[in-house]
Each structure stands twice: as C-alpha cells, then as structure tokens.
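User: I am new to this structure. Please walk me through the terms used for it and show me how each label is earned.

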Amino acid sequence: MTEVRSCPFHVCVAETEDILVKNLGDVLKGCADRSLEKSGTFRLGLSGGSLVQLLTRALVDFQLDTKCWKFFFCDERYVAHDHQESTYWAYKTQMLSQLPDILDSQFVKANTSLPLDECANDYETRVKAEFGTNCPEFDLLLLGMGPDGHTCSLFPEQPASLTETQRLVIPIRDSPKPPPERITFTLPLINNAKNVVFVVTGAGKAAVVNSVFGDLDKKFPAAWIEPKHGELTLLADAGAAKSFVCHTK
C-alpha cells in the first residue's frame with residue numbers, strides 16, 4: 001500500500017536543461033521575494049553535485065539581487081576548504097567566479113579543521129546562531145538525490161542517521177560514497193524548512209524517482225523528506241521523471 005504524503009507536493013518536469021534552469025530560477029525568485037519581504041534575509045541551504053552548475057546558471061540568467069542572501073551547506077565533505085572534494089570549494093570556483101556580487105562572507109562554512117564530531121557540533125551551533133533560534137527554519141533547501149536514493153549525506157546503508165531526533169547536524173563516518181567522512185543536516189532540520197526542492201537529472205535515476213516520490217518507499221532516505229509546515233517540490237528533467245510521470249497518470 002502506497003503511503004500518503006502529508007505535505008504539499010509539486011512536480012515540474014523539464015524537457016531541456018535550459019527549461020530546468022528556468023524552473024529553478026523561478027523557484028529561487030519566488031522563495032527569495034517572499035523571504036526578503038518578510039524578514040529582509042533569504043537563507044538558502046545548498047547541496048553539491050550537478051546542483052552547483054545548475055544553480056550558478058540560474059543565478060546568472062535571472063540576475064537576482066543576492067546581497068541579502070545567506071548560503072549554508074546541507075552537507076559537507078570533511079576535507080579542507082580548498083580540496084577538490086569540498087562542496088564549498090565547488091561553489092567558490094564556479095559561482096563566485098561568475099557572480100562577483102556574491103561575497104565569500106555570505107557563505108556559512110563548516111570548520112573542517114576541527115575534529116569531525118566537533119565540526120558537526122560547531123556547524124549546528126553556527127546555524128542556530130545565524131537564525132537566532134534553536135529551531136532554525138530555512139527559507140529554501142536545495143537537495144539532490146543519488147541513484148541509491150540518498151540525499152545530503154543520509155545513505156540507505158546507514159539507517160541510524162535517519163533516526164536522529166535531537167541533533168541538527170551530525171558526523172558521518174564510513175560513507176558508502178567517497179570521501180568517507182562528512183557532516184550532514186538531519187531530518188529534524190531538513191523537515192523544518194519552509195521549502196524543500198529536489199533537483200534530479202538523468203534517466204539513470206528514473207526508477208528511484210518513482211520509488212521515492214511515487215511510492216514513498218522509506219528504504220530510501222530521500223523518501224523521509226516531508227516538511228512539517230512547508231512544501232516539497234521535485235524539479236526533474238524528462239529522463240529522471242519518465243517513470244514517475246507514467247506512474248501518476
């Protein structure tokens with residue numbers, strides 16, 4: 001029996017990468033406008049992988065005013081900031097080089113020079129401080145999803161990470177995907193966001209897109225993402241969404 005989703009859920013399928021970038025830009029503009037009108041700051045959580053290029057393209061194309069934006073990392077590899085595996089470094093080398101109006105100081109980075117457990121604890125403390133509360137509510141989290149259904153650094157091989165109820169950021173060891181050590185947002189923080197948007201591309205992910213977003217199969221960590229008071233959106237290309245679209249007709 002298929003589970004019933006408890007939060008508002010939207011799907012937008014793009015036939016081309018240009019359309020996917022436009023859809024992402026529309027989401028960014030809508031969320032940013034609402035947040036800036038309400039609080040004067042737009043707080044955005046980033047993920048790595050193909051999202052780096054897609055987000056950079058969307059920001060270049062839309063020419064949004066980002067001076068009151070703050071960028072956080074939904075997960076980060078436990079490597080130096082200038083390491084090629086660092087998600088922060090990926091954004092610095094792509095986004096900051098093409099968008100000079102975005103300052104490095106707008107990025108809230110993990111201190112990966114600390115021991116791993118301290119790094120996770122310190123990042124949680126910094127996130128709370130930026131929001132001024134122990135229950136941060138992100139305006140938007142941009143998430144990716146792997147072919148194995150992982151999101152952030154929450155992997156199906158490590159189900160204990162999905163049972164965390166107190167900590168907002170936890171260390172990850174022995175990750176099935178290199179590098180082995182990371183820190184990651186947990187479900188209590190992710191599901192407290194106002195908007196969570198998955199950006200998924202590639203026909204190789206079609207089956208897991210159907211399992212996660214169609215069947216809500218909880219053996220996949222991404223299926224646990226359901227904002228308590230917010231909305232969930234899937235932005236996908238035609239390849240990634242082909243099975244899901246057929247499933248929902």
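User: Why does Lys67 count as exposed or buried?

Analyst: Some ground rules come first. This is a predicted model, where local features need pLDDT of at least 70 and side-chain atom pairs count only at pLDDT 80 or more, while totals for chains, interfaces and linings use all residues. Residues are numbered from 1 along each chain as its sequence is written, and side-chain values use heavy atoms, with hydrogens and water left out. Now the label. Buried means under 20% relative accessible area, exposed means over 50%, and partly exposed lies in between (1.4 Å probe, protein chains only). Lys67 has 60% relative accessibility, so it counts as exposed.

User: What makes Asp65 and Lys67 a salt bridge?

Analyst: The rule asks for a side-chain nitrogen of Lys or Arg within 4 Å of a carboxyl oxygen of Asp or Glu. In this pair the closest N and O atoms are 2.5 Å apart. That meets the rule, so the pair is a salt bridge. Asp65 has a relative accessible area of 48%, so it is called partly exposed. The structure holds 13 salt bridges.

User: How do you know that Lys70 and Glu130 form a salt bridge, and what does the pair tie together?

Analyst: Their N to O distance is 3.9 Å. The limit is 4 Å, so the pair qualifies. Lys70 lies in strand 3 and Glu130 in helix 4 (residues 116–131), so the pair ties together parts that are 60 residues apart in sequence. Helices (H or I, at least four residues) and strands (E, at least two) are DSSP runs, numbered from the N terminus. Glu130 is partly exposed at 28% relative accessibility.

User: Which separation do Glu124 and Lys128 have in helix 4?

Analyst: They are four residues apart, so about one helical turn separates them. Their side chains meet in a salt bridge at 3.0 Å, N to O. Glu124 is buried, at 10% relative accessibility. Lys128 is partly exposed, at 22%.

User: Why is the pair of Phe9 and Phe244 called edge-to-face or stacked?

Analyst: Rings of Phe, Tyr and Trp (its six-membered ring) pair if their centres lie within 6.5 Å; planes under 30 degrees apart count as stacked, over 60 as edge-to-face and the rest as tilted. By this rule there are 15 aromatic pairs. The centres of Phe9 and Phe244 are 6.4 Å apart and the planes stand at 70°, so this pair is edge-to-face. Phe9 lies in strand 1 and Phe244 in helix 7 (residues 238–247), so the pair ties together parts that are 235 residues apart in sequence. Phe9 is partly exposed at 25%, and Phe244 is buried at 5%.

User: What makes the pair of Trp69 and Phe71 tilted?

Analyst: The planes of these rings are at 50° and the centres 6.0 Å apart, so the pair is tilted. Both Trp69 and Phe71 are buried. Ring pairs link them with Phe42, Phe73, Tyr88, Tyr91 and Phe107 into a cluster.

User: How do you know that strand 2 and strand 5 pair?

Analyst: Two strands pair if DSSP finds at least two bridges between them. Two bridges join strand 2 (residues 42–46) to strand 5 (residues 140–143), so the rule is met. These strands run parallel. Gly45 stands opposite Leu141 in strand 5. The open sheet has six strands in the order 1-9-8-5-2-3, with parallel pairing.

User: What makes strand 1 and strand 3 edge strands?

Analyst: Strand 1 (9–14) and strand 3 (69–73) each pair on one side only.
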